[in-house]
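Colleague: Could you take me through this structure slowly, showing me how to read each feature before we look at the case itself?

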Amino acid sequence: MTSILKWSQWMLSLEVKNEKGVWFSSLSNRGIVGWLLALFLSFGYITLYFFPEWLGLGQKGMPNTGFIAWFDQISIFFNGSVASQWFVYGFLYTLIILLMGIKFIIKYKNNNYQVIRTLSLLFFQLCFAFIIPEIMASLNQPAMDLKNMWPLNYYFFFDWNIKKLLSSGYFGLFLMFWGLALTFIISPVLTYFYGKRWYCSWVCGCGGLAETAGDPFRHLSDNSETAWKWERRIIYPVLFIVCLMTLAILDSFFRKNPATYLITFSHFKIIILLLLAGIIALAFWKKGWLKGISTFGKWTIISLGVVLFMGIIFSWSYNKPVLWINALKLREWYGFYVGAIFSGIIGVGFYPLMGSRVWCRFGCPMAAILGIQQRFFSRFRITVNGGQCISCGNCSTYCEMGIDVRAYAQKGENIVRSSCVGCGICAEVCPRGVLKLENGPLFVEDGKIKF
Amino acid sequence: MHIVIIGFGISGVSVAKTLREQSNADITIVTSENRSFFSRPALMYVYLGKMRFQDILPMPSDYWEKNNIKVVLAAIKAIDIDKQQVMLDNGSFLSYEKLVIATGSVPRSLGLNEQNIVGVQSFYSLQDLLLLQKSAKSIRHAAIIGGGLIGVELAEMFLSTGISFTFWVREKWFGSNFLPEEEAQLVTNYLKSKKIDIRFEREITHFDANELGQVTSLHSQIGERVDTDYVCVCIGVKPNIDCLENTNIHTNHGVLVNTCLQTNIPSIYAAGDCVENAEPSFGRKSVETLWYTGKRMGEYVGRNILLDHPQRYHQGIFFNSAKFFDLEYQIYGHVPVSPEEIYGSVFWKHPQNDKSIRLVYDALSDEFLGCCVLGIRFRQEVCEKWIAEKWKITEVLPALATANFDSEFSSRFEMELLNIYNNKII
């Protein structure tokens with residue numbers, strides 16, 4: 001108890017730049033306090049997700065008791081009904097982001113980029129993730145976090161969500177189109193101009209928690225090459241699975257309602273096949289874009305695409321579910337292992353053990369897509385100021401994504417990495433002012449901007 | 001070809017890296033400090049707990065083995081130039097075809113026999129860090145002697161661990177030996193705002209020690225006596241050339257080299273802090289003990305060793321940077337400490353914050369010569385371009401925005417400088 005008290009005291013201490021001694025403190029050096037906090041957070045998530053009755057959630061219409069009941073009045077104020085476990089979760093999540101965000105702003109008050117970025121995170125969490133959905137719900141409209149897009153919002157294309165949106169009149173239709181535009185138009189355009197940071201460290205809720213509450217743990221992200229290897233080995237399969245799952249669910253949705261909507265099952269089939277053929281053709285035609293990917297990787301992408309293409313055609317021509325996938329099973333599996341365990345329990349619970357961006361780095365399919373775009377088709381980069389690097393390692397140590405920034409900086413190479421969320425802390429901690437986040441011209445020679 | 005490099009600092013490592021990129025010669029590095037190459041300027045962060053020792057290693061620890069570079073932990077006993085051999089203190093010897101002296105520098109001494117007093121040390125090597133970490137807990141009152149970058153680093157370190165100390169500085173202002181007066185005042189006021197007991201225009205005359213040889217107090221030239229049980233002397237460095245004493249390699253303050261960084265013995269090169277440049281370019285010192293210089297020299301030496309006709313070493317346009325607590329400092333080109341009549345200078349200082357910009361130009365030709373900034377970051381490529389292409393100050397001022405390297409959304413001050421310059425002309 002005393003350690004938790006001490007922890008909250010320390011977390012809320014308004015001292016400026018108290019980064020001194022992060023490796024000396026038991027909390028931020030994977031010491032006893034750190035492990036205890038990790039256990040506390042992980043069990044907190046497990047209880048909230050799977051055993052909410054332990055926290056006092058009323059069962060079968062019974063009133064809430066205990067911890068959950070504390071939030072009843074607040075919930076009634078916002079949406080007119082007693083608190084659910086998700087309301088409690090959303091409320092606490094937002095509260096922590098607000099409190100720790102203020103602490104973060106005070107810590108970096110001399111850096112306008114950090115201040116504005118954090119204010120943006122606070123705004124989107126408070127308004128978009130918390131207040132606006134509550135208002136929508138209180139108006140008997142479908143509640144939706146307007147900034148949460150597919151594939152991070154993996155249930156956007158689930159049949160129940162589509163049905164809900166399409167049966168809620170013009171407002172539902174607007175939400176449907178907003179969601180589609182967000183994924184397929186707004187996000188690619190913004191990522192082209194500003195890199196994935198516009199989302200990951202300015203807007204996203206997971207990013208919001210990582211940047212504020214996770215800030216004292218950012219140095220715990222492993223920046224070895226092995227970690228980078230595992231990052232790619234996990235994040236791209238997650239993206240692949242989320243695409244497969246969405247495909248399978250849409251397939252079963254259209255199978256049940258072949259011609260109810262504007263887009264029919266046959267339209268859908270054509271769209272999917274064209275999309276896939278387009279990706280394969282692009283990989284062949286514009287091989288230059290894949291510069292930097294190993295030959296093995298390139299052929300994996302191309303051959304996987306061809307196999308999928310053939311598989312989809314076969315399954316559809318035998319009138320079977322796409323690729324013979326059991327959509328319901330896959331959905332359950334994904335929701336449990338990725339949605340709950342990976343992004344929640346490990347993603348947040350492991351802050352004090354593996355740094356604040358475990359989920360964003362190893363798991364988030366949204367980050368994977370934005371990252372691919374950032375690496376091959378974005379103006380964003382971190383530029384290196386001539387030969388000024390003294391190889392001290394502050395940038396690499398404090399990179400929450402575990403990028404070995406120094407390895408580039410000491411060679412005078414600009415940093416263009418798919419995982420970089422553009423938090424700007426590397427530039428802030430650099431004692432020689434070597435790094436700067438920039439939206440430069442798209443094509444650069446030898447990794448250097450030409451003037 | 002077997003190449004032996006003496007010294008495992010940034011210069012020696014730059015030689016080895018450049019060599020390895022271009023050849024598969026046998027490379028051996030001899031060092032007496034540590035088996036891993038660490039970033040010397042980052043030692044303070046280890047003390048502060050901002051980084052662990054493994055975090056300040058610029059290359060992964062398996063880099064040397066992977067790249068077939070042998071690292072030998074030993075001190076040099078002698079160099080036999082005729083036999084082309086280096087004798088080590090462990091009794092063995094290394095034969096070389098090419099030898100690189102990258103021995104770096106050693107801290108200057110006050111000349112008060114302080115090497116023999118317990119509790120007086122410098123802050124330069126890994127061993128110094130370990131010694132300081134060991135002593136830190138029992139220090140009652142410390143002294144920092146020397147108003148340079150290391151002195152400020154120590155002040156930050158002591159402040160963060162709550163060690164009371166007095167900061168003894170020879171100059172009138174902090175940094176007045178390397179900064180123009182306005183900048184020196186700015187830094188001085190900034191340091192004073194940290195509530196540091198900083199005493200200017202002081203020289204230490206002698207130390208008192210107890211019967212165990214442990215320092216107990218020190219005396220300044222104006223008769224002060226301050227009880228002190230720990231002293232850090234950081235009054236600069238000098239080339240480390242003791243191991244060359246009984247050889248034919250020509251030395252003066254440092255190892256003398258020709259324009260290609262070759263010593264008087266053709267098979268022996270030198271790079272880094274230990275080098276004395278016989279013909280430094282305009283405004284440059286003959287001994288330049290800087291990380292950046294060591295890195296640049298090392299890369300030249302690495303290339304030159306493999307060439308039949310070694311390339312001339314170009315010093316490039318001067319640049320340096322430092323950080324005093326949170327106050328960043330950068331300099332590009334030629335910024336004299338006391339601007340004489342031939343120099344024109346546009347100086348702007350932020351009315352409240354610790355920020356300043358100075359542009360220096362030739363008063364007769366208006367040619368831009370250099371700039372230094374505090375609390376603001378400038379872009380090296382742009383400043384170098386202005387200097388190399390001999391831009392006029394009247395061309396630089398309107399283009400000043402292109403040099404800014406501050407993070408996005410930072411306040412900008414280009415207009416202020418332009419106004420100052422225009423008012424000056426009228």
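Modeller: Let us start with domains, bearing in mind that this is a predicted model. Chain B is divided into domain 1, built from residues 2–106 together with 238–306, domain 2, covering 114–235, and domain 3, covering 319–425. Taken over C-alpha atoms, the centres of domain 1 and domain 3 of chain B are separated by 34 Å.

Colleague: If I pick a single residue, B:A142, which strand holds its place, and why does B:A142 count as buried?

Modeller: B:A142 belongs to strand β10 of chain B, which runs over residues 142–145. Burial is judged by counting neighbours, with 20 or more C-beta atoms within 10 Å as the cut-off; B:A142 has 23 such neighbours and therefore counts as buried. Leaving aside neighbours within four places in sequence, B:A142 is in contact with B:F158, B:I163, B:F165, B:T228, B:Y230 and B:C232. As for a distant residue, B:N423 is 281 residues away from B:A142 in sequence and 48 Å away in space, C-alpha to C-alpha.

Colleague: How many residues does the largest nonpolar core have, and which have the most contacts inside it?

Modeller: The largest nonpolar core has 207 residues, and those with the most contacts inside it are A:C426, B:V100 and B:I144. Helix α11 of chain A, residues 225–256, gives the most to this core, with 11 residues. Another core, of six residues, lies apart from it and includes A:I68, A:F71, A:A83 and A:F87. Returning to B:V100, its contacts beyond four places in sequence include B:I3, B:I5, B:V15, B:Y269 and B:V301.

Colleague: How should I read the overall form of chain A, starting from its radius of gyration?

Modeller: The value is set beside the one expected for a compact globule: with 451 residues that would be near 22 Å, and chain A has 23 Å, which agrees. Its C-alpha trace spans about 65 × 65 × 35 Å along the principal axes, while the chain contains 20 helices and two strands. Of the 451 residues of chain A, 41% count as buried.

Colleague: And how many residues does each chain bring to the contact between them?

Modeller: The size of an interface is often given as the accessible area lost when the parts come together. Here I can give residue counts, with 31 residues from chain B and 30 residues from chain A. On the side of chain B that touches chain A, α2, α7, β21, β22 and α8 of chain B each supply at least two residues, and the residues of that side divide into 13 nonpolar, eight polar and 10 charged.

Note on methods:
Residues numbered from 1 in each chain as written. Chains lettered and ligands numbered in written order. Predicted model: local features only at pLDDT ≥ 70, side-chain atom pairs only at ≥ 80, totals over all residues. Contact = placed C-beta atoms within 7 Å. Helix = DSSP H or I, 4+ residues; strand = E, 2+ residues; numbered from the N terminus. Nonpolar A, V, L, I, M, F, W, Y, C, P; charged D, E, K, R; others polar. Rg over C-alpha atoms; globule rule 2.2 N^0.38 Å. Buried ≥ 20, exposed ≤ 12 C-beta atoms within 10 Å, placed from the backbone. Domains from an automatic or database assignment. Core = buried A, V, L, I, M, F, W, Y, C linked by C-beta atoms within 7 Å.
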